[in-house]
Amino acid sequence: MATDVVQYALLGLISVRPEGAHGYQLKVKFDALYGDFWSLNYGQLYRTLDRLERAGLVQCTEEVQSGRPSRKVYRITASGQHSLDDWLLLPPTDEPRPLRDDLSVKLLFLTEARREETLALVRSQRAIYLHHLARLTKRRTVLEESGQDMFVTRLLLLQADMRVRADLAWLDLVEKELLQRIEGKKAPRPTPPKHR
Amino acid sequence: MIRFDNVSKVFGEGQTRVDALRGLSLQIPARQFCTIMGPSGSGKSTVLHLVARLTKPTEGEIYLGDRPLSGMAERDAAMMRRREIGFVFQFFHLIPYLSAEENVSLPLLLDGLSSASVRQQTERVLTLVDLLHRRRHKPSELSGGEMQRVAIARALVTSPRVILADEPTGNLDSTASHAIMRLLRRSSDELGVTVLMVTHDPVCASYGERVVRLMDGQVVEDIDVTEGASEEVSKHVAHRRQDG
């Protein structure tokens, strides 16, 4: 998730809490909404909150708690609300990306002699996606059975489904082409597989 | 529960010889929901046909429970298919001039059950697939998803130990597909049925707990997609995402 998207996600979460929100609440809320898609650690969270404060998009106040250390509470400013509204209405500019991890780069640099290892990489990548898909499926089933109206979460889950499916189809293609190249280097088999 | 012991299957000979399976060994425990994936011609459907004893292996042996299948008499094999195995196909294979209820009750009528128990069993499975209210409809009056739910009810009506599903959502949209996959999941979880499914669709495969990938008649991947395994992998992904 790009930095500015995290920033706006947090700004949005702060905006729906006029009474103010503290870091831990934001982290819990963020994870509940996006945990299946994006991970956000506390370091990123507080760096982003500092950035929002410096930009004047949120206002931070110290809240004194009896018997416990005081904590910072964040509220959205008028300028923050304005910035959030602008961003919400701006058409997405994110270009469609292929697999957003290192596999595509590795494919560029793995030499011809290492095709078997590349194939193993493709296969472990597929296992990762299948696990991810299984978690999404479980979440969707729980959502459907809960009967709650989770309109956006459901749409996000469907989007994730479609992306993973596309990535898996691409992995199948990569595997097929790699195998064809490996086969091409070997002596032909006595019984080549045929389509039935 | 289902065991493949070094199974090879060859179709044809000479120029037309096709090695559908090459020394396949595989164990599917009872109650597991196992998916078989792989490119066309990798031997996926042959695996289902061998479990149903619709065909015999060229080499090796297949066991259903403790019973080896290749030496089984045709009559016993037919009995086993009717009583212990439920089939779900891509194109539903319902009888067009029979109602939903008649399609579902057919395997029980063939087994000579009393009409009271046929009615009771049929209502039980039609309720399970949420189609009791459509019991009098003919297949042509049902949607694709509903037809497949009738087919699942028919597969479950004999309380089989195994369901063999060959591309059960191949002909359905994604909403109907999810409903079908949830039914298969429940069959495994609540009725203790072993589900062996062939699919091209990874989303469907994600309803099971195991994905076996075949290529050229051999297992190239055997992936556990259950919760524990998935947490390990997601940590790995999250870690890599933070790096990137």
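**Exercise 1. Two tyrosines in one helix**

Being 4 residues apart in helix 3 (residues 42-54) of chain A, Tyr42(A) and Tyr46(A) are separated by about one helical turn. Working from this predicted model, determine how the rings of Tyr42(A) and Tyr46(A) are arranged, and place this pair among the aromatic pairs of the structure.

*Solution.* Begin with the count, which comes to 2 aromatic pairs over all chains. In one of them, the ring centres of Tyr42(A) and Tyr46(A) lie 6.3 Å apart and the planes meet at 20°, so the pair is stacked, given that planes under 30 degrees apart count as stacked. Next, consider accessibility: Tyr42(A) is partly exposed at 36% relative accessibility, and Tyr46(A) is likewise partly exposed, at 35%. Finally, look at what lies over the ring of Tyr42(A): Lys27(A) is found over its face, at 5.4 Å from the ring centre.

**Exercise 2. Aromatic rings in chain B**

Describe the geometry of the pair formed by Phe87(B) and Phe89(B), and then find which residue lies over the face of Tyr63(B).

*Solution.* Phe87(B) and Phe89(B) form a stacked aromatic pair, with 5.9 Å from centre to centre and 5° between the planes. Turning to accessibility, Phe87(B) has a relative accessible area of 21% and is partly exposed, while Phe89(B), with 28%, is partly exposed as well. For the second part, the residue over the face of Tyr63(B) is Arg3(B), at 4.2 Å from the ring centre.

**Exercise 3. The buried side of a helix**

Compare the span of helix 2 (residues 23-34) of chain A with the expected value, and work out how its buried residues are placed around the axis.

*Solution.* The helix has 12 residues and reaches 16 Å from its first C-alpha to its last, which is close to the 16 Å expected at 1.5 Å a residue. Its buried residues are Gly23(A), Leu26(A), Lys27(A), Phe30(A) and Tyr34(A). Because these residues cover an arc of only 100° around the axis, they are on the same side of helix 2 of chain A. Lys27(A), one of these buried residues, is also the residue that lies over the face of Tyr42(A).

**Exercise 4. The surroundings of a cysteine**

Locate Cys60(A) in its strand and list the residues that it touches beyond four places in sequence.

*Solution.* Cys60(A) belongs to strand 1 (residues 58-65) of chain A. Leaving out residues up to four places away in sequence, Cys60(A) touches Glu53(A), Lys72(A), Val73(A) and Tyr74(A). A separate distance can be added to this picture: the C-alpha atoms of Cys60(A) and Leu49(A), which are 11 residues apart along the chain, are separated by 9.1 Å.

**Exercise 5. Positive phi and confidence in chain B**

Which loop holds Arg53(B), and which loop holds His93(B)? Add the phi value of Arg53(B) and that of His93(B), and then examine the confidence in chain B.

*Solution.* Arg53(B) sits in the loop between helix 1 (44-51) and strand 4 (59-64) of chain B, with phi near 55°, a positive value in a residue other than glycine. His93(B) sits in the loop between strand 6 (85-89) and helix 3 (100-110) of chain B, and its phi is positive at about 55° although it is not a glycine. Arg53(B) is buried, with a relative accessible area of 4%, whereas His93(B) is partly exposed at 47% relative accessibility. As for confidence, chain B averages a pLDDT of 89, and 93% of the residues score at least 70. Over residues 230-244 of chain B, however, pLDDT stays under 50, and the model has 18 contacts beyond four places in sequence for these residues.

Methods. Residues numbered from 1 in each chain as written. Chains lettered and ligands numbered in written order. Predicted model: local features only at pLDDT ≥ 70, side-chain atom pairs only at ≥ 80, totals over all residues. Heavy atoms only, no water. Phe/Tyr/Trp six-rings, centres within 6.5 Å; stacked < 30°, edge-to-face > 60°. Buried < 20%, exposed > 50% of the residue type's maximum accessible area, 1.4 Å probe, protein only. Lys NZ or Arg CZ within 6 Å of the ring centre and 35° of its normal. pLDDT = per-residue confidence, 0-100. Contact = heavy atoms within 4.5 Å. Expected span 1.5 Å × (residues − 1). Arc of directions from axis to C-beta.
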